[in-house]
Amino acid sequence: MMISRRSLLATIGMAPFAGAFSLRAARAQAVPMHGIAMHGDLKYPAGFPRFDFVRADAPVGGEIRQGVLGSFDSLNPFIVLGDAAAGSGSIYDTLTTQAPDEPFSEYGLLAESITVAPDRSFVEYDLRGEARFHDGTPVTADDVVFSFETLKTKGHPFYRSYYANVAKVETSGNGGVRFTFDTTGNRELPLIMGQLAVLPRHYWEGRDFTRPSLEVPLGSGPYRIGAVETGRSLTLERVADYWGAKLPVNIGRNNFARMRYDYFRDETANIEAFKAGALDVRIERVARVWATAYDFPAVRDGKVMKLELPDETPAGMQAFVLNTRRPLLRDAKVRQAIGLAFDFEWSNKALFYGAYTRTQSYFANSELAATGEPDAAELALLEPFRDRLPAAVFGPAWTAPVSDGTGQDRKLLLQARKLLADAGCKIVDKKLVGPDGTPFTLEFLMDDVTFERVTTPFIANLGLLGITAGIRTVDPPQYVDRVNNFDFDVVVGTFPQSLSPGNEQREFWGSSAADEKGSRNLIGIKDPVIDALIDKVIFAGDRAALVAACRALDRVLCWGTYVVPQWHITADRIAVWNRFGRPDVKPRYASGFPDTWWFDEAKAAALKG
């Protein structure tokens, strides 16, 4: 049964926004600050000289070249249509910038100061007078209002979910901009507004924001778009007179004179270009390639370095995503049976050289992941919905099935067969059919052959259950179009998480996003209970409440068996030609690449020699 917004707010213990009186009271207590933290205190005080993870005197210059798969036909990364070029969003400054050595804190970039109501009913940003677009035009509060309204009404559907609780945006008398919210207590929302990419109103007037375009747009950030070879390469050029170069948040960062992205149709061509020296760096995501493809002379001679940088951020969820809009995939028993046919232990041993850990949570590799029995705080959130949740939610946290590693675990496949029978499926002429007699077929939609070696054994096991499954590999534009329109049975999807989850959870699992073309609710979840738990995450008053809400949400999602979880690793694997420098200190929650690295002339000369 559907729950009204007012009923839902009452269910989760949150009152609607109280109105003008509360806003006036909140304003009276609000104090301008140089930064804002979601929970707790800021690490860096007012007037800090730089971040701790940078080298203040890092050299500026040189070029770094990276490889990208696929192609591109647009320089607008904010809309559904088109395939935007890598790096095309890097030309825009935001109101604030995040400190990657804190769980979730932001410091002023375009904004000189930030004023937040104690009850988080509004946030106001006062802009720096020196902020400029690349054509010399000042960045104004009108540009901020224009950017918000344009992204929410004409941008990717993600923005409508992300900004759902913003009731009003307006310029203030002191040249700043104020965002007023329709509820109180959303601790993340003021920080989200700080992440707003500010677009130049004067540039976009007379242009169609909703259409893909290869016309080079105007930005305000440390880089502008330089050379563009459609579908082949894009080069970002450092802005010599960048207005914000001397801000504390930018000292020691953005050190490359040029950052080039070269496109390749497949991974083989990509890595061969790297081995030949045509590319400078590879962020490696394939365990087999990391284990086998980097045994070449340049590695043995120390000209190419293999780095494994610890990653302390949540791993999120990478998985085979099951589209519950398909009738046969609406039954949780069917989805569970499909999951039992995936043999991770065999895949990890035979394909991944034992490099990965099976993902057991939507917040893996963090304190936000549900473990063991739910504690008192979790139970308090789950109990109101006991009659609408599987009984298993109230027991031990979900864990992935462990196979015998043979690739075809008979015991797990028999369990899967029983679940399918319980769901009303049956074998007819050696093929599985659904309860209504519809043949049970699955298409795995892909845009890259990399996953075929993982998916093919999975499909073989599904065949043993009578399911007719196959792989359909299409070109990237067609893939994007089909995924945006939810025209698939199964895709490989990722749901990244931060240490402070919030409004993006609506885009992942919220009912309002399920029918939004292009949204990240690929699964198609429409569940008032999950909506209520999402709001508990968003409106958590402190860190303890946030952790409890994430764990409760995690339990419900995992026991819903909406995906077949894959794997993760707790390090960033980077292969790089030895012509670059990097600070001695790495930010705790990021690799630092390419943000804090620099081109080292001496190393480059030695490498060339």
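In this predicted model, helix H15, which spans residues 476–484, has as its buried residues Pro476, Tyr479, Arg482, Val483 and Asn484. These buried residues of H15 pack against three strands, namely E19 (441–446), E20 (468–473) and E21 (490–495). The N-terminal end of H15 is capped by Asp475, a side-chain oxygen of which lies 2.9 Å from the backbone nitrogen of Gln478. Beyond the helix, H15 is followed by Phe486, a residue with a positive phi, near 55°.

Helix H17 covers residues 528–538, and ten of its eleven residues are buried, so this helix is largely enclosed by the rest of the structure. The buried residues of H17 are Pro528, Val529, Ile530, Asp531, Ala532, Leu533, Ile534, Asp535, Val537 and Ile538. Lys536 also lies in H17, but with a relative accessible area of 27% this lysine is partly exposed. Between the C-alpha atoms of Lys536 and Ala552 the distance in space is 9.5 Å, while in sequence the two are 16 residues apart. At the start of H17, a side-chain oxygen of Asp527 comes to within 2.9 Å of the backbone nitrogen of Val529.

A further part of the model concerns a pair of helices. The axes of H10 (residues 332–340) and H13 (residues 410–422) come within 8 Å and cross at roughly 165°. Angles over 145 degrees count as roughly antiparallel, and H10 and H13 are therefore roughly antiparallel to each other. The crossing of these two helices, H10 and H13, is left-handed. On the H10 side, Lys333, Val334, Gln336, Ala337 and Leu340 take part in the contact, and they meet Leu412, Gln415, Ala416, Leu419, Leu420 and Asp422 in H13. Sorted by class, the contact of H10 with H13 has seven nonpolar, two polar and two charged residues.

Backbone geometry is the next topic. Most residues other than glycine have a negative phi, and most peptide bonds are trans. The table sets out two residues other than glycine with a positive phi, together with their loops and their relative accessibility.

| Residue | Phi | Loop between | Relative accessibility |
|---|---|---|---|
| Arg120 | near 60° | strand E6 (111–116) and strand E7 (122–127) | 9% |
| Asp429 | near 55° | strand E17 (426–428) and strand E18 (431–433) | 72% |

In terms of burial, Arg120 counts as buried at 9% relative accessibility, whereas Asp429 is exposed, with a relative accessible area of 72%. The peptide bond that runs from Phe593 to Pro594 is cis, and its omega is near -10°. Pro594 itself is placed in the loop between strand E25 (580–581) and strand E26 (598–599).

Another arginine, Arg178, is found in strand E9, which comprises residues 176–181. Because buried means under 20% relative accessible area, Arg178 is buried at its value of 17%. The side chain of Arg178 makes a polar contact with the side chain of Glu124, at 2.4 Å.

Terms used:
Residues numbered from 1 in each chain as written. Predicted model: local features only at pLDDT ≥ 70, side-chain atom pairs only at ≥ 80, totals over all residues. Heavy atoms only, no water. Axes fitted to C-alpha atoms, helices over the stretch in contact; angles between N-to-C directions. Helix = DSSP H or I, 4+ residues; strand = E, 2+ residues; numbered from the N terminus. Parallel < 35°, antiparallel > 145°, perpendicular 65-115°, else oblique. Left-handed = near helix turned anticlockwise from the far one by under 90°. Contact = heavy atoms within 4.5 Å. Nonpolar A, V, L, I, M, F, W, Y, C, P; charged D, E, K, R; others polar. Buried < 20%, exposed > 50% of the residue type's maximum accessible area, 1.4 Å probe, protein only. Polar contact = N/O pair within 3.5 Å; in protein donor to acceptor, adjacent residues only side chain to side chain.
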